[in-house]
Amino acid sequence: MNFTLRDGKTLATAVVALFTLALAACSGAPALRGEEGPPIEVAPAVAGAPWEAALIPAPVHARLTPANVFPLRPRTAIHVKPATPEMHRLAGFLGNLLPTASGSARVVSDLASASAGEPGINLVIDPALDTLGGEGYRLSIASDRIVAAAAHPAGLFYAIQTLRQLLPPEAEGRATNSAIPILTGEVVDKPRFQWRGAMLDVSRHFLKPADVKRYVDHMALYKLNRLHLHLSDDQGWRIEIKSWPNLTAHGGSTAVGGGAGGFYTQAEYADIVEYARARYITVVPEIDMPGHTNAALASYPALNCDDRSPALYTGIRVGFSSLCVARESTYRFVDDVVREIAALTPGPWFHMGGDEVKTLSPAQYATFVERVQSIVRAHGKEMIGWDEVGATRLHPTTIVQYWRPNATARDAISQGNRFILSPADKVYLDMKYDSTTALGLKWAGYIEVRTAYDWDPATRIAGVRESSIVGIEAPLWSETLETIADFEHLAFPRLAAVAEVAWSPQQRRAWDDFRARLAAHGPRLRALGINFYRSPQVPWM
Ligand code: TNX
């Protein structure tokens, strides 16, 4: 970190003051530069030194200065290089985030044909930036030009998200005829972890495709890149399987509490996958097995050892159900399900759950997990399982998702497998914030924003070094959540905290600094209509 702030709240206030002032400057009021300059307070030791705006997740390096602004005008054009379809798509995506003149779309053109002196926003693929990895970028803002550069399109997508956060929150997507000032400076950035995930449990309560897409939109704002969909559990089977239609017809017909349930047709699932992919988010489908399968068992008697289907289940107990692991037909079922879902899923992973099986012996459990692992691999995917699968013989590419606060993960460590960290006492977004939170559970403890933020993945599990951690994922279990507003209330702002844990270098992170930036995000969360929790730990603006 190349500077320190005296007081995060002061900075956050200054950021907004600056935007307000700069906004006035661009609409004919006194110029930003000069004696009327905003009262930006920084520690005396760094007065005049670079400072950053309220970016979340914190970038590796940011130097933004109030001395000059780029005036973003409704007609400022976007130029791309090279002029590929993907670059045009990215430009269109950016264009939709930027304010425009009413009724007119922003012009996108090939940089090669842009006239030299004309101010614009350039999106550029620059192979020299490969040193920043597959997702890194450099965003340079001068008073006459913005250049977002990256070696790969994903980096440009993140540069766009950073640029978006440099706009005043109320500017997003609106029509205006005046210019919006953007701070000049430079951001150079890349993620700490390659896996920055969020999980939605659409089984306990179903979320419509439009709601899932809304969550995806908000994930993108924080540079998250994996959407894990928990598609089946005791209470509901949520994805159409054409060779086993009763899974959804019957198994998808209800939810926790006995409500109507629902499921995604294969076309709807493919549409969600594509929507996420367009935002550089890879969908990771999970079919939980052999436990958490009451909905499947209720739909097909043959999946039960005694050929008798249980009734549908709408409570919230766990651990009571299991597929009949001794039957060959069970593996034909698993093969059909994995085959159909794998065919709809371009991402390389298939999550088989594997958690909380209380009715099988360790040997039965291991035999099942190892056979499923072979099936998943036969369909071209790498397997992921909750940390219980660490006790079985794992293929080297299998990823273990650590979740139990007290799990030792010893077996998986000794096999050399890699981990996704989802420690329930830090990132389970379904935990209550405190004793007054109406929604959520509390078995892993209360999780205030600071608790979700203030930890280092590298020191979380004894024996697991950073090099074997692919990343961090925040699950949102939905036993107590019915509407997207409920989901959002538990997810925000903790999801932003987890995104920073996953993206920003550890030495770049400090709670006081984060809470100040988060406070400055309040207006953006409001502008997006997110039903976020107004944590008393954060001096909201
Ligand atoms: C544990 S985490 C579960 C889920 C519950 C969740 C509630 C995991 C692998 N299993 O089945 O929904 O706790 O917090």
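This passage describes the ligand surroundings, one helix pair and three backbone features of a predicted model.

The ligand is surrounded by 13 residues, and those that come nearest are Arg204, Tyr428, Asp430, Trp443 and Glu479. Sorted by class, the shell around the ligand comprises seven nonpolar residues, five charged residues and one polar residue. Three of the nearest residues place polar side-chain atoms by oxygen atoms of the ligand. For Arg204, a polar side-chain atom lies 2.7 Å from a ligand oxygen. In the case of Asp430, the distance between an N or O atom of the side chain and an oxygen atom of the ligand is 2.6 Å. A polar side-chain atom of Glu479 is likewise found 2.6 Å from an oxygen atom of the ligand. On its own, the ligand has 360 Å² of accessible area, of which the protein covers 97%.

Two packed helices are described by the angle between their axes and the distance between the axes. Helix H8 spans residues 328–344 and helix H9 spans residues 362–378; their axes come within 10 Å and cross at roughly 35°. The crossing of H8 with H9 is right-handed. On the H8 side, the contact is made by Glu328, Thr330, Tyr331, Val334, Asp335 and Val338, which meet Phe368, Arg371, Val372, Ile375 and Val376 of H9. By class, the residues of this contact are seven nonpolar, three charged and one polar.

Backbone geometry was examined at loop positions. The peptide bond from Ile56 to Pro57 is cis, with an omega near -5°. Pro57 belongs to the loop that runs between helix H1 (8–26) and strand E1 (61–72). A cis peptide bond also links Met289 to Pro290, where omega is near 0°. The loop holding Pro290 lies between strand E12 (282–289) and helix H7 (294–299). At Lys223, phi is positive, at about 65°, although this residue is not a glycine. Lys223 is located in the loop between helix H4 (209–221) and strand E9 (226–230).

Key:
Residues are numbered from 1 along each chain as its sequence is written. This is a predicted model: local features need pLDDT of at least 70, side-chain atom pairs count only at pLDDT 80 or more; totals for chains, interfaces and linings use all residues. Side-chain values use heavy atoms; hydrogens and water are left out. A residue is near a molecule or strand if one of its heavy atoms lies within 4 Å of it. A polar contact is a pair of N or O atoms within 3.5 Å; within protein, one must be able to donate a hydrogen and the other to accept it, and residues adjacent in sequence count only if both atoms are side-chain atoms. Accessible areas come from the Shrake-Rupley method with a 1.4 Å probe; for residues, only the protein chains shown count as cover. Ala, Val, Leu, Ile, Met, Phe, Trp, Tyr, Cys and Pro count as nonpolar, Asp, Glu, Lys and Arg as charged, and the others, Gly among them, as polar. Axes are lines fitted to C-alpha atoms, for helices over the stretch in contact, and angles run from 0 to 180 degrees between N-to-C directions. Helices (H or I, at least four residues) and strands (E, at least two) are DSSP runs, numbered from the N terminus. A crossing is left-handed if the near helix is turned anticlockwise from the far one by less than a right angle, and right-handed if clockwise. Contact means heavy atoms within 4.5 Å.
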